[in-house]
Each structure stands twice: as structure tokens, then as C-alpha cells.
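Visitor: I have a structure to look at and some questions about it. Could you walk me through them?

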Amino acid sequence: MSLSKSNELLRSAYQIAQREGKNTNWEAFINNLRKELLVQAGLSEDETNENYILRATVTPKTYRIVKAEFDDFDWKLSS
């Protein structure tokens, strides 16, 4: 996305903050943010790999925490 698209998202975020989140189409806003974060990470805005999406949409600290929890997960199914 272009700089103008990023600026548009910042302006939207500002307007949402001004309204204190009232009258906000959160689904559309979140989807647009996700797409922009993916593109800025060098990925397609239609990326489906959850690991790539996670890395592109969270802070590095959050990614490390989630990855550590995921790596420690016991994959054995209980019978």
C-alpha cells in the first residue's frame, strides 16, 4: 500500500479515538489494518499462513511470547 493508504489509516484511527470508538465499523478497520501490516511486512494482503500473519501483526515481544507458548504446547491428544 502506498504512503497515502497508511496516512488514511492513521486518519481513521484518529477519528475513531476522537469518537471514543463509538459508531465504528471495527471489522472493516481491523481488516484494513491487517492488510496494511501484511503489505509492510512484504507479504500479500491475502496471506493465509497464520505464523506469517502473527509475525506481521504483533509486536516482536508479543510474537516471542506467543511463539514460546506455541512451541511448549503438548501436541499429544488425550484419549
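Visitor: Leaving aside its neighbours within four places in sequence, which residues is Leu-9 in contact with?
Guide: Keep in mind that this is a predicted model. Leu-9 lies in helix α1, residues 3-18. Contact here means heavy atoms within 4.5 Å. With neighbours within four places in sequence left out, the contacts of Leu-9 are Phe-29, Asn-32, Leu-33 and Glu-36.

Visitor: Is Leu-9 buried or exposed?
Guide: Buried means under 20% relative accessible area. Leu-9 has 8% relative accessibility, so Leu-9 counts as buried.

Visitor: What separates the C-alpha atoms of Leu-9 and Phe-29?
Guide: Along the chain, Leu-9 and Phe-29 are 20 residues apart. In space, their C-alpha atoms are separated by 8.1 Å.

Visitor: Which kind of aromatic pair do Trp-26 and Phe-29 form?
Guide: Both residues lie in helix α2, three residues apart, about one turn of the helix. Their ring centres are 6.2 Å apart, with 75° between the planes. Planes over 60 degrees apart count as edge-to-face. The pair of Trp-26 and Phe-29 is therefore edge-to-face.

Visitor: Why does Trp-26 count as partly exposed?
Guide: Partly exposed lies between under 20% and over 50% relative accessible area. Trp-26 counts as partly exposed because its relative accessibility is 41%.

Visitor: Which helices are included in what covers the buried residues of α2?
Guide: In α2, Phe-29, Glu-36 and Leu-38 are buried. Phe-29 has a relative accessible area of 13%. The cover over the buried residues of α2 includes α1 and α3 (50-57).

Note on methods
Residues are numbered from 1 along each chain as its sequence is written. This is a predicted model: local features need pLDDT of at least 70, side-chain atom pairs count only at pLDDT 80 or more; totals for chains, interfaces and linings use all residues. Side-chain values use heavy atoms; hydrogens and water are left out. Helices (H or I, at least four residues) and strands (E, at least two) are DSSP runs, numbered from the N terminus. Buried means under 20% relative accessible area, exposed over 50%, partly exposed in between (1.4 Å probe, protein chains only). Rings of Phe, Tyr and Trp (its six-membered ring) pair if their centres lie within 6.5 Å; planes under 30 degrees apart count as stacked, over 60 as edge-to-face and the rest as tilted.
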